[in-house]
Each structure stands twice: as C-alpha cells, then as structure tokens.
Amino acid sequence: MVLKIFFPQCCNIADSGLLIGHWIPGHNSAVVLAVVHYPFIPGQVKKYLNQMQSQSQVHLTVLGSWSMPKEGKEGMDSFLKDLSTIFPQKCWLQLSREIGKTGFTCQVVQNDGKLLQDRKEKNDDDSSEEDKIIFVHYDQRKVMLSQLHPVQEVSQKSEIEPSELRLVFQTVAQSQPLFFLDKYDDGPLKLTHWQSEGREASIIAELLKQASVPVCIFLTWLLSLWHWFCSFRILHSWPVLFISSKLSTCVQSGYRGVHFKTVFSPQKAATHMDFMRKANIFVSFLVDIALGLLLVSWLYRENRISKLADTLVPVADRVAKELQELLEWLMGAPAGLKMNRALDQVLGRFFLYHIHLWISYIHLMSPFIERILWYVGLSACLGLTFALSILSDIVALLTFHIYCFYVYGARLYCLKIYGLSSLWRLFRGKKWNVLRQRVDSCSYDLDQLFIGTLLFMILLFLLPTTALYYLVFTLLRLVVVLFQGVIHLSVDFINSFPLFAIGLRICRPYRLAEGVKFKVLCQEPGTPLHLMMEINPLKFSSVLQCYRTPTYSGYPKDSWAALSKKLFVGELIYPWKQKTTKTD
C-alpha cells in the first residue's frame, strides 16, 4: 500500500514537535497542516485542536511527530515517540530530517506499537511495491487560496464522490482559522505553518471596512426606492411595457438594477461562483463608470456637443436627399430594367411622401437638438453602457423612416410570394390543409382555375417591381441593424466580460486552478520519494467560459439559414432584438 503524505514547504525547517493534520477518509493519505513546537502541554494541544475543529469543521488530529536535530536536543526523538500513547491514532507517523540530507525519513507505527515500515533501514530494492511512502510537498498559501476546477456545487457533492486531490484542496481551504493568527501572538502553543500577515491592517483599510457597511445600507435604501417607483401601476400598463421593452436604455437600466441588487445584497456569497459573480459585476461596473466619465470629459471639452449638434441636421438632410435620389432612380428604369410603370410610380410617390414628412420633422426638432445632446452626454456619467444604449435608441429614431420603408416593402413582397405559392398549388390540383398542416389533393372547377390563372399572372408580372423595392430597402435596413448590432455587442461585452477573473488569472494564476503537476524534488537513498506539487492555472478561454456574467444579450435568435429563408420570403426579421430570458 502506498502512503501519501502531503507536507507543507513552510515546515521543512520547523523545530521538533507534533504534526497537526487530517487523514483523508477513504484514501491512504494524510495532510500535514502545522507543526506544534516543543515545549507544550498535551492538554493544551487537545484543547486547541477541539477549538480549531469547531471553527473549521475539519477533523484535526495529531498525525505523529517531527524531529529536526539541533544542538542540545539530542534526546528529543525518543520523547516524541512516547507521545503516541497520549495521542492514540491508528497510524503514528514519525518523521525526521537528518543533517546534510534534503529528504525525510519516515516510520509508520500502529496503535499497538508494531512497526509497519521503517524507511530509514530499508532500501527501495528491498521494500515491496505495496509498502511505499511518498511525500508530496505543497505551497500551503497557494493551495488554501486556490479553487480547483471544475467547481463542484453543493448539489453535486452528494452525487459525485470528490477525488483525493480535491479533498486535499478542501481540507487546506477549510483550515483557514488555523492559519489566521496574529503575526505577533504569543500564545501557549508555538506553531509553524503558513502564516498570514496577521490581523493588523492599515488605518485606511480599517476605515474602508467600517465605511462599507453604511454605504451598502444607503445604496440598498436607494434601490428599494427605485423598486418602489417601478412598482407603480401605470408603469406596468401595456403601452409603457411595450415601449420600455423596445428601448435599449430601459433594458440596460433594468439590467443594472439587477446588478446593484446582487452586489449590495447583505447576504454573504455562499459559494465560490457567487463570490466571483459579485466581484466581476462590481469591477465591470467601476470600469463602465470610468469609461463613461472619460467620454463625458471628451464631449464637453472644446465645445464638441455644439459641433455635433451642428453636424447632425446637415447629415440627416444629406441622408434624406440620397434616399430621394434613390427613389427617383427606382421610379425610372433602374439598371435598364423594365418595371411596371403604374406600380412603380405609386410606390415611389408613397415613399417620397414619407421622406418629406421626415425632413419636416427633423427641421422642427433642430432648435432642441443641442439641448437634447447636452443631457444625453450627461447620461454617460452613469456608465458607458448607458451612453451606448442611448446612442442605439437615437439611431433607431433617426432611421425610423428606413424601418417603415422596409416594413412596407417586406409586407407587400411577402403577400405576393405567398399568393404565388398558393396559386401554384392550385395549378397542380393541390391545396394547403390548415387543420392537418400539410398539402392535400383537391379538385377545382373551370372558373376557379381561370380566376387563379389571372391572379397568378398579375402577381407574377408585378413581382419584379415589388422585389426591387424590397431588395433596396432591406439592404438599407440591414446596414442600420448591423450598426445597432455592434453597439449591442459592445454593451454586452462590458456587462458580461469577467474583468475580475481575468485580472486574478494574470496577477494570481494559482487562485484559479485547473489541476496540478508533480516533479521529483528529492530521491535520495534511504529516504522516501519526494515530489513537488505545482498548480496548473486555468486557461484564459476556460476563465471566460466559466465566469462570464449572464446577460440579457441580443444575439441573433435564428441561424443564418433561417435568416436567409426569412429574407427570401419577405418575413420581418429582428436579428438584434433583446431577449426576455437570460443566456450564458
């Protein structure tokens, strides 16, 4: 049987004493957590272990003895061996380190005093394959602070039995009360383990900790006021809900409200994933505010708001003029195509009338544009995502006439496509069964076939004119949709990108562990095999996939094949429509 002893590096040169640790249940492994130095009182050691066990919920016990030869302490080995009667264990480990050697010698004694193995006297060639001891050295601080992936939730722990390596990580992590001692504490026991910097902190850090509580309470009160305002019945009426669901600014404000409720919740994060989600949301919010303030400082410097307002109306007139010239080109003979003259004139005049209405509306709003942009620029103080959301809504309002053109052309084109497909089934003696959702055979009389032939020919000859208008306005609509899609992707990137996790991966890669690797540390004759356990950090792609914040993102809800089919038959598409359900 192979006995694995996980030994902390900080205890390699510790003074002689007792080994404090934990036996891994179900595995022939022991995790050494600390060394209690001589002199000590056994009663105080037992009391201390009971106190740490109640705080950490880890079954701490005395694993054995540790001998570090020094001058004046020659008889320490025999004294420590006799302590196995005071701290009875199934197996008593007797570790010792000789001067001039890197490796340790180990003796394993049963509770009846029988020596199971003496690695000091046996050589590796004489020992059987089943009787081996392996020392695995580990960095206590890194193992305590790291989180082994994939993360096991509470529901998974009851179904899947944790591995031995995961149990080692959990044991060291749960033993934090054992390590968090005052750096200058002179207690009844002297211990060697990884020691934090102590509970002392700077005055600024302590003031920030004290001030964080009333700040969180105040922000929670503001959030409660906001939720109380949003609970008004008039805000839940159908027109208000419909308009708010279409505006990106309202969607982003609701999303930020959920963020604030999560971050400033008085409840402590129960799991590692909850803590990382809170930290990622908080850091992304700070970065969002910082980028928004930079945008505000750029907009209000050198009077750029006025320059932007003076540029907006001429640009709108230029776009309207280009659309007017495009419609006049379509009303003639575009690309030498022979169009239906009557339908071409009706559609062209119809769309020209809408352009004239839109130009009048722009000129009517031109005196107020600078003031509107001034207040819109101030909204960037709430974050860059708010400014981008407002920009998306402004683009949607300024291109509303293009959207109307697209809807008119798509509806007319879709009507003709479905009419032609239905009349084509009539020629083949078939019809669409609405109840069974299938095509069935059907017999038609002569009058039905004659009328169907007339309608089919009329729709067929009018189709090129309608298809040309539909194609032009669909391309214009897709340009606007792609621009809004870039804005929505930018907002989604800022909201969901795990900045805290990425920073943790760069600065403290051991905090997010994907696994471990071992290398031979020492293999001296007469000593067990010594391995060094190093932590493999999680890959950046896995960090993004694991810690990306769920968002109400506007990704295309259809595949490219489905979008192409909808474009071909003339169905309305909303590839960047905001979803109502969260997506990871």
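Is glutamine 57 buried or exposed? In this predicted model, glutamine 57 is exposed, with a relative accessible area of 64%. The close-up views below begin with that residue.

**View 1. Glutamine 57 has a positive phi in a loop.** Glutamine 57 sits in the loop that links helix H1 (42-56) to strand S4 (61-67). Its phi is near 60°, a positive value in a residue other than glycine. The side of the story told by accessibility is the one we opened with: at 64%, glutamine 57 is exposed.

**View 2. Histidine 149 and proline 150 are joined by a cis peptide bond.** Here omega is about 0°. To find the spot, look in the loop between strand S9 (147-148) and helix H4 (154-157), where proline 150 is located.

**View 3. Asparagine 280 of helix H10 is a buried residue with a polar contact to backbone.** Helix H10 covers residues 272-299, and asparagine 280 is part of it. The relative accessibility of asparagine 280 is 0%, so this residue counts as buried. A polar atom of the asparagine 280 side chain lies 3.2 Å from the backbone nitrogen of phenylalanine 500. Setting aside neighbours within four places in sequence, asparagine 280 is in contact with Pro498, Leu499, Phe500 and Ala501, and also with Tyr547 and Thr549.

**View 4. Two of the spans that UniProt annotates as "transmembrane region" are shown here.** The annotation comes from an unreviewed UniProt entry, which places this feature at residues 281-300, 372-399, 405-427, 448-472 and 478-502. In the model, residues 405-427 are 100% helix and 0% strand, and the end C-alpha atoms of that span lie 33 Å apart. Residues 448-472 are likewise 100% helix and 0% strand. For residues 448-472, the end C-alpha atoms are 35 Å apart.

**View 5. Helices H15 and H19 cross at roughly 90°.** The axes of H15 (residues 400-427) and H19 (residues 560-569) come within 8 Å. With angles of 65 to 115 degrees counted as roughly perpendicular, H15 and H19 are therefore roughly perpendicular to each other. On the H15 side, the contact is made by Tyr413, Cys414 and Ile417; on the H19 side, by Leu567, Phe568 and Val569. By class, this contact of H15 with H19 has six nonpolar residues, with no polar and no charged ones.

**View 6. Alanine 410 is a buried residue of helix H15.** We stay with H15 for this one, since it is where alanine 410 is found. The relative accessible area of alanine 410 is 0%, so the residue is buried. Alanine 410 and threonine 466 are 56 residues apart along the chain, and their C-alpha atoms are separated by 9.0 Å. Leaving out neighbours within four places in sequence, the contacts of alanine 410 are Tyr470, Gly570 and Leu572.

**View 7. Arginine 505 of helix H17 is buried and has a polar contact to the backbone of leucine 538.** Helix H17 runs over residues 499-507 and includes arginine 505. At a relative accessible area of 14%, arginine 505 is buried. A polar atom of its side chain lies 2.4 Å from the backbone oxygen of leucine 538. Proline 537 is 32 residues from arginine 505 in sequence and 7.5 Å away in space, C-alpha to C-alpha. Beyond neighbours within four places in sequence, arginine 505 is in contact with Leu512, Pro537, Leu538, Phe540 and Val543.

Definitions and conventions: Residues are numbered from 1 along each chain as its sequence is written. This is a predicted model: local features need pLDDT of at least 70, side-chain atom pairs count only at pLDDT 80 or more; totals for chains, interfaces and linings use all residues. Side-chain values use heavy atoms; hydrogens and water are left out. Axes are lines fitted to C-alpha atoms, for helices over the stretch in contact, and angles run from 0 to 180 degrees between N-to-C directions. Helices (H or I, at least four residues) and strands (E, at least two) are DSSP runs, numbered from the N terminus. Angles under 35 degrees count as roughly parallel, over 145 as roughly antiparallel, 65 to 115 as roughly perpendicular and the rest as oblique. Contact means heavy atoms within 4.5 Å. Ala, Val, Leu, Ile, Met, Phe, Trp, Tyr, Cys and Pro count as nonpolar, Asp, Glu, Lys and Arg as charged, and the others, Gly among them, as polar. Buried means under 20% relative accessible area, exposed over 50%, partly exposed in between (1.4 Å probe, protein chains only). A polar contact is a pair of N or O atoms within 3.5 Å; within protein, one must be able to donate a hydrogen and the other to accept it, and residues adjacent in sequence count only if both atoms are side-chain atoms. UniProt positions are given in the numbering used here, feature names are shortened, and annotations may be inferred rather than shown by experiment.
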